[in-house]
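Reader: I have the sequence and the coordinates open. Please take me through the local geometry, one question at a time.

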Amino acid sequence: MGFGQINWEFEIIDSVDYFHATDLDFRWCSIALDANNIPHVIYYKASKLIHAFRCGSDWQKEVVESGLKYYCFSLIFDLNNTAHLSYYRHDEYLNKFYLCYARRNSTDWLIDVVDSMNYWPHWYGIYASIDVDTLGQPGIAYVTWNLTDSICYLKYSHYNGSHWDYSVIEYDSMYAHTQTYITDWNPSVKFDSKNTPIVAFNQLYYYQYIDYDTVKIAYFDDSLNRWIVSPIIWSPPDGQPSLSLELDNQDFPHIALCRSGTLSYSWWDGLSWQIQSVAGIDIGDYGAVIDLELDSLNNPHIAFKGDFLTPFPSYCYYEDNIWREYIPFDNDSLPSFGGISMVLDHYSNPHIAYSISKYNGNTTIFGIKYARGAFVGVEEDGGIANKKMVLEVYPNISNWLLNIECVYQTQDETELAIYDACGAKRKSIKIGRHHPGDYRTTLNLADLPCGTYFAVLKQKNVQIQKKFLLVR
């Protein structure tokens with residue numbers, strides 16, 4: 001099975017010309033898909049934190065917060081289709097920085113101040129990362145810096161339904177008298193299936209003019225009531241690039257990172273940590289931004305922007321023991337330092353938001369761009385087939401019925417759903433925990449307009465799909 005060739009579609013979500021831009025416009029962004037596969041993007045423009053989402057062929061925009069400066073966004077949707085957002089806020093008048101959390105209800109964004117600091121450590125090297133547990137409660141991994149005692153804290157905050165619980169994962173003295181420079185950067189957090197928070201991060205350690213940089217992973221041990229922190233990869237100095245953590249369907253961690261200026265990928269195989277470089281992909285040694293996603297077969301997909309010398313938005317994925325590269329996927333812009341964020345849809349197609357600069361003949365414009373990749377030239381299952389499941393569909397165009405035959409060999413909760421070509425779920429049937437075997441059913445599609453659709457059979461974290469055409 002192969003994903004095959006990928007085609008890209010591009011849209012500029014928002015932009016401003018050089019004469020009206022500020023130094024922070026569009027520098028950070030975060031993208032997430034809601035339950036209907038609609039993309040939502042968070043970005044900064046002109047003292048406004050903006051939420052943009054696709055509505056038909058247009059992008060609707062609303063202001064989350066305004067009047068200050070905002071950095072380093074992390075957006076996610078929970079199982080109830082509620083948006084959760086973490087970000088930093090800077091009040092220049094008070095010279096205070098705040099870690100903030102926002103949740104969107106049906107009409108507005110509700111904002112909490114989670115934590116504060118009196119100094120901003122480094123706006124290229126600091127990120128906040130959010131995830132939600134199975135109850136829909138958010139957890140945020142982030143960094144604060146106390147200027148008074150020069151202590152850098154890697155923290156974690158979790159909302160328990162009524163208030164935020166705080167814990168310190170690790171803390172370091174920024175400037176000791178022994179010529180030591182230590183700090184923890186770029187945390188990435190995920191909840192496993194038991195709601196245990198897991199955090200991956202870079203530790204930069206400078207001692208007597210020598211760098212000893214390490215990638216670490218931490219998890220919270222409930223029985224000991226403390227964080228367990230372990231070094232996993234020695235990573236030569238790379239100038240605080242980001243890293244990205246994902247968990248596979250066995251709760252094993254996978255990390256995309258920069259190592260010696262090269263894009264690298266590491267994973268826990270149940271016995272030890274494995275690491276490999278993505279051949280031929282150099283992303284520099286300062287300010288690289290990396291985002292990792294895993295598809296339903298645990299294949300890694302990585303979107304990234306390199307340092308000042310290699311800043312074009314790029315994408316690659318791993319399948320059948322081969323890194324398949326589409327780098328860069330967008331050449332229609334000038335080099336631009338800034339963010340990139342990716343999410344995969346139900347069909348493992350990548351959706352990417354990223355900052356751009358572009359010369360339009362009169363002046364340079366800066367903006368946020370959206371790219372959607374669609375795999376083509378593949379087998380009908382879209383490259384995410386499970387050998388333990390079989391799906392066949394037979395449309396009956398005379399009476400708008402869809403005859404479905406499916407085979408599965410495990411007794412798990414199973415769902416059969418119909419999606420339109422835009423990724424919106426139009427029908428869904430919960431099959432339940434039937435015994436393994438062959439099953440047949442018929443769906444009435446008389447209420448759907450003609451067009452292209454996908455029948456998708458899901459079990460746990462795997463799925464298989466078939467495309468069909470509905471005509472009248």
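**Loops, strands and confidence**

Author: Serine 260 lies in the loop between strand S20 (253–259) and strand S21 (262–268). The model is a predicted one.

Reader: What is phi of serine 260?

Author: Serine 260 belongs to the loop that links S20 and S21. Its phi is positive although the residue is other than glycine, with a value near 55°.

Reader: Is serine 266 buried or exposed?

Author: Serine 266 is placed in strand S21. Buried requires under 20% relative accessible area. The relative accessible area of serine 266 is 0%, so the residue is buried.

Reader: Which residue has its backbone oxygen 2.7 Å from a polar atom of the side chain of serine 266?

Author: Leaving aside neighbours within four places in sequence, serine 266 is in contact with several residues, including Ile233, Pro253, His254 and Trp273. Gln274 and Ile275 are also among them. The backbone oxygen that lies 2.7 Å from a polar atom of the serine 266 side chain is that of glutamine 274.

Reader: Where is phenylalanine 26, and what is its relative accessibility?

Author: Phenylalanine 26 is in the loop between strand S1 (5–17) and strand S2 (29–33). It is not a glycine, yet its phi is positive, at about 65°. Phenylalanine 26 counts as buried because its relative accessibility is 1%.

Reader: Which residues does a cis peptide bond join, and what is omega?

Author: The second residue of the pair, proline 328, is in the loop between S26 and strand S27 (340–344). The cis peptide bond joins isoleucine 327 and proline 328, and omega is about -20°.

Reader: In what order do the four strands of the open sheet run?

Author: The pairing in this sheet is antiparallel. Its edge strands, each pairing on one side only, are strand S23 (289–294) and strand S26 (322–326). Neighbouring strands are turned against each other by 20° on average, direction ignored. The order is S23-S24-S25-S26.

Reader: Which residue in S24 stands opposite isoleucine 290?

Author: S23 pairs with strand S24 (residues 300–305) over six bridges, in the antiparallel sense. Isoleucine 290 falls within the range of S23, 289–294. The residue opposite isoleucine 290 in S24 is phenylalanine 304.

Reader: How many residues of strand S7 are buried?

Author: Both faces of S7 are covered. On one side the buried residues are Ala83, Leu85, Tyr87, Arg89 and Asp91, and on the other they are His84, Ser86, Tyr88 and His90. Strand S7 (residues 83–91) is mostly covered, and the count of buried residues is nine of nine.

Reader: Which residue takes a positive phi in the hairpin of S6 and S7?

Author: Strand S6 (residues 69–77) runs antiparallel to S7, and seven bridges join the two. In that pairing, lysine 69 stands opposite histidine 90. The hairpin has five residues between the strands, and the residue with a positive phi, near 65°, is asparagine 81.

Reader: Which residue in S8 is the bridge partner of serine 86?

Author: S7 also pairs with strand S8 (residues 96–104), in the antiparallel sense and over eight bridges. The hairpin of S7 and S8 has four residues between the strands, with asparagine 95 at a positive phi near 55°. The bridge partner of serine 86 in S8 is tyrosine 101.

Reader: Is lysine 430 buried or exposed?

Author: Lysine 430 sits in strand S33 (residues 425–432). Not counting residues up to four places away in sequence, lysine 430 touches Thr414 and Glu415. Exposed requires over 50% relative accessible area. Lysine 430 has 66%, so the residue is exposed.

Reader: How far apart are lysine 430 and glutamate 413 in space?

Author: In sequence, lysine 430 and glutamate 413 are 17 residues apart. Their distance in space, C-alpha to C-alpha, is 7.8 Å.

Reader: Which element has the lowest mean pLDDT?

Author: The mean pLDDT of the protein is 83, and 82% of its residues reach 70 or more. Below 50 are residues 175–180, a stretch with 14 contacts in the model beyond near neighbours in sequence. Residues 377–387 are also below 50, and that stretch has 32 such contacts. Among the elements, the highest mean pLDDT (97) is that of strand S10 (residues 129–132), and the lowest (55) is that of strand S16 (residues 210–211).

Note on methods. Residues are numbered from 1 along each chain as its sequence is written. This is a predicted model: local features need pLDDT of at least 70, side-chain atom pairs count only at pLDDT 80 or more; totals for chains, interfaces and linings use all residues. Side-chain values use heavy atoms; hydrogens and water are left out. Two strands pair if DSSP finds at least two bridges between them. Axes are lines fitted to C-alpha atoms, for helices over the stretch in contact, and angles run from 0 to 180 degrees between N-to-C directions. pLDDT is the predictor's confidence in each residue, from 0 to 100. Contact means heavy atoms within 4.5 Å. Buried means under 20% relative accessible area, exposed over 50%, partly exposed in between (1.4 Å probe, protein chains only). A polar contact is a pair of N or O atoms within 3.5 Å; within protein, one must be able to donate a hydrogen and the other to accept it, and residues adjacent in sequence count only if both atoms are side-chain atoms.
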